[in-house]
Amino acid sequence: MGPELEFEKPIREIKDKIAELKRFMDEKDIDLSGEVGKLEERLVALEKETYGKLSPWERVQIAREFTRPTTLDYIPLLFKDFLECHGDRLFGDDAAVVAGIAKFHGRPVTIIGEQRGRDTKENIRRNFGMPHPEGYRKALRMMKQANKFHRPIITFIDTKGAFPGKAAEERGQSEAIARNLYEMSGLGVPVISVVIGEGASGGALAIGVGNQILMLENSWYSVISPEGAAALLWKDAGQAEKAAETMKITGLDLKKLGIIDKLIPEVLGGAHHDPKKQSELIDTALSAALTELDKMNSAELQQQRRLKYRKIGDFDTIENQTQD
């Protein structure tokens with residue numbers, strides 16, 4: 001785990017006190033189990049209170065925790081026999097996008113996910129999880145292969161956005177994203193997208209046109225980051241906390257708005273506290289989604305996916321519901 005967030009400091013203080021008392025008991029051979037027990041009870045209550053009423057901005061902070069599980073952390077916990085594929089057959093390989101074939105409960109599936117690094121060296125290699133056009137074209141190549149061989153597609157969204165640099169624009173960043181949106185809408189196989197951390201702008205949507213959109217409890221999904229929205233709206237990126245609240249970017253709000261289909265609960269304190277347990281919760285959600293989508297044929301999957309996104313943009317209906 002990395003350093004605690006500001007709102008977690010009271011929890012860390014109690015944990016440190018418990019550890020200190022236990023060390024004192026071992027060194028002095030004095031029984032302080034009563035005091036330790038009271039502190040542990042207080043810790044449990046404080047954790048439930050703290051993590052049970054997180055603000056949108058606090059959830060954004062958890063989503064950015066550098067020890068939070070990534071696509072490559074979840075793959076061995078959720079799938080078997082993963083074979084990674086590289087390159088877009090047009091320019092090169094983009095390490096910010098991981099793609100390949102694996103088995104999910106014995107069933108062949110195609111996996112595509114955005115991947116950030118754990119340290120400076122890996123972040124540079126993976127461009128901090130911000131894909132170039134070749135990353136999205138690699139993803140599209142794998143999607144078309146999955147469609148040809150009738151394999152379900154599972155995508156993991158975790159990016160601050162598509163890379164906005166000059167080289168990416170020269171190689172057609174906007175076209176690559178638009179092409180993915182177009183092609184994904186017509187796929188004849190089940191597509192399930194899971195937001196596991198940050199999900200910003202077209203960089204997230206380029207692998208997120210799914211029949212079902214699942215989202216971890218402490219992740220966020222939006223057209224722009226809170227800092228970016230604050231800078232545009234109030235000319236002050238320091239008002240990111242206000243923007244996070246205003247934009248309704250966390251799973252609880254997006255589920256109410258009908259933008260995501262299922263909110264996956266997280267282990268207490270966030271997925272980074274117990275990746276194995278978190279993968280079990282994701283496994284359950286993926287299994288349920290696949291079971292439901294397996295009832296549809298190719299034409300029905302295409303129609304369901306298209307209607308899903310048309311409904312999200314039905315502003316008149318949203319306005320009428322608000323007035324009611």
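**Exercise 1. Find what share of the residues of the protein chain counts as buried, then describe its overall build.**

*Solution.* Begin with burial: 49% of the 324 residues in the protein chain count as buried (under 20% relative accessible area; exposed is over 50% and partly exposed lies in between, with a 1.4 Å probe and protein chains only). A word on the source: this is a predicted model, where local features need pLDDT of at least 70, side-chain atom pairs count only at pLDDT 80 or more, and totals for chains, interfaces and linings use all residues. Residues are numbered from 1 along each chain as its sequence is written, and side-chain values use heavy atoms, with hydrogens and water left out.

Next, count the elements: the protein chain has 15 helices and eight strands (DSSP runs numbered from the N terminus, helices being H or I with at least four residues and strands E with at least two). The radius of gyration of the protein chain is 21 Å, close to the 20 Å from the globule rule for 324 residues, so the chain is as compact as a globular protein of that length (taken over C-alpha atoms; the rule is 2.2 Å times the number of residues to the power 0.38).

Finally, look at the contacts (heavy atoms within 4.5 Å): of those in the protein chain with a separation of 6 or more, 70% join residues 24 or more positions apart.

**Exercise 2. Work out the surroundings of S193: which side chain makes a polar contact with the side chain of S193?**

*Solution.* First place the residue: S193 belongs to strand β5, residues 191-200. Its relative accessibility is 0%, so S193 counts as buried. The polar partner is T155, whose side chain lies 2.8 Å from that of S193 (a polar contact is a pair of N or O atoms within 3.5 Å; within protein, one must be able to donate a hydrogen and the other to accept it, and residues adjacent in sequence count only if both atoms are side-chain atoms). Setting aside neighbours within four places in sequence, S193 also has contacts that include I157, I207, V209 and L214.

**Exercise 3. Compare the settings of D81 and K248: where does each lie?**

*Solution.* Recall the background: most residues other than glycine have a negative phi. D81, not a glycine, has a positive phi of about 55°, and K248, also not a glycine, has a positive phi of about 60°. Now place them: D81 sits in strand β1, residues 80-85, whereas K248 is in the loop between α11 (240-247) and α12 (251-256). Last, check accessibility: D81 is exposed, with a relative accessible area of 60%, while K248 at 35% counts as partly exposed.
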